[in-house]
Amino acid sequence: MNSPSQVEWEQLLDIDDSDLRLSATTQNPNVPNVRKIPGPAGVVQTAMIRKNSDILEGDDVAMTQEYIRKVVDEGDDSDFRSGPWVNATKFINGNGGMMVGVFADIQKFLNKGKVEKVVGIIKSCTPNVLGDLTVTLKDVSGLISGTIHHKVLADKILAKALTVGAVLVLKNISVFSPKQSGRHYLNITIRNMVKVFYNDDRDSLTCV
């Protein structure tokens, strides 16, 4: 989704809660039969669906403008509207954190070769010859490759949860940065695992 123009953005932020009618029948944005309105009106539609969902679930509710900002920041990307990602976001926010994209500029977040916190959705995962799992993770800033150590996979319940579409919450992850390539790779071990949100949105798995 292209970002709204300055005029459109100002119009979006000029919307007040009293201008919008909330209905208890408004559906979750992940439900496929919700027809999305194109353009800036669609941004407002998605924001209000999310806000109404939070109201119905009894969660803390922000001003409408904050929901609009989040929708614009995420863009029209279904990965960030998926149940696992939404639940992971609620988990981070509920623990006093903030969902921040780090992959696109990971050097900025490095401290002695490690990143303090990562939240990423699994876009691909393939076993390698060493028994590890080679993965591609995605956050709101971009993609990064990494390896999940075979000792993580030794936990059968955890191993089954590590599938495409699942969301990982990780801590204190080592980053391997070969000088010749200029790229960065995550080295994920059992100590890094905090929580896994299943790709089918059924539940989450706490690792620590």
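The questions and answers below concern a predicted model of a protein chain. Local features need pLDDT of at least 70 and side-chain atom pairs count only at pLDDT 80 or more, whereas totals for chains, interfaces and linings use all residues. Residues are numbered from 1 along each chain as its sequence is written, and side-chain values use heavy atoms, with hydrogens and water left out.

Q: How many helices and strands does the secondary structure of the protein chain come to?
A: Helices (H or I, at least four residues) and strands (E, at least two) are taken as DSSP runs and numbered from the N terminus. Read in that direction, the elements follow the order α-α-α-α-β-β-β-β-α-α-β-β-β-β. The totals are 6 helices and 8 strands.

Q: What percentage of the residues in the protein chain is buried?
A: A residue is called buried under 20% relative accessible area, exposed over 50%, and partly exposed in between, with a 1.4 Å probe and protein chains only. The chain has 208 residues, and its buried share is 37%.

Q: Which strand gives the most residues to the largest nonpolar core?
A: A nonpolar core is a set of buried Ala, Val, Leu, Ile, Met, Phe, Trp, Tyr and Cys residues joined through side-chain atoms within 4.5 Å. The largest such core has 26 residues, and those with the most contacts inside it are Leu137, Leu162, Leu168, Leu186, Met193 and Val196. At least two residues of this core come from each of β2 (114–127), β3, β4 (142–148), α6 (156–161), β5, β6 (185–188) and β7. With 4 residues, the element that gives the most is β5.

Q: Why is strand β7 described as largely enclosed by the rest of the structure?
A: Strand β7 covers residues 193–197, and it is described as largely enclosed because the number of its 5 residues that are buried is 5.

Q: Which residue of β8 is the bridge partner of Phe197?
A: Two strands are said to pair if DSSP finds at least two bridges between them. On one side, β7 pairs with strand β5 (residues 167–176) in the antiparallel sense over 4 bridges, and there Val167 stands opposite Phe197. Strand β8 (residues 204–206) also runs antiparallel to β7, to which it is joined by 3 bridges, and in β8 the partner of Phe197 is Ser204.

Q: Which residue in the hairpin of β7 and β8 takes a positive phi?
A: The hairpin has 6 residues between the strands. The phi in question is near 65 degrees, and the residue that takes it is Asp201.

Q: Which residues are joined into one network by salt bridges that share partners?
A: A salt bridge places a side-chain nitrogen of Lys or Arg within 4 Å of a carboxyl oxygen of Asp or Glu, and the structure holds 2 of them. In one, the side chains of Lys123 and Asp79 meet at 2.9 Å, N to O; Lys123 lies in strand β2 and Asp79 in the loop between α3 (64–74) and α4 (83–94), so the pair ties together parts that are 44 residues apart in sequence. In the other, the side chains of Asp79 and Lys138 meet at 2.8 Å, N to O, linking the loop between α3 and α4 to strand β3 across 59 residues. The network therefore consists of Asp79, Lys123 and Lys138.

Q: Is Lys138 buried or exposed, and what is its relative accessible area?
A: Lys138 is found in strand β3 (residues 133–139). Not counting residues up to four places away in sequence, Lys138 touches, with heavy atoms within 4.5 Å, residues including Asp77, Phe80, Trp85, Phe103 and Leu143. Lys123 is partly exposed at 37% and Asp79 is buried at 13%, while Lys138 is buried, with a relative accessible area of 14%.

Q: Which backbone nitrogen lies 2.9 Å from a polar atom of the side chain of Asn128?
A: Asn128 is found in the loop between β2 and β3, where it is partly exposed, with a relative accessible area of 24%. Leaving aside neighbours within four places in sequence, Asn128 is in contact with Thr134 and Thr147. A polar atom of the Asn128 side chain lies 3.0 Å from the backbone nitrogen of Leu130, and the backbone nitrogen at 2.9 Å belongs to Asp132.

Key: Polar contact = N/O pair within 3.5 Å; in protein donor to acceptor, adjacent residues only side chain to side chain.
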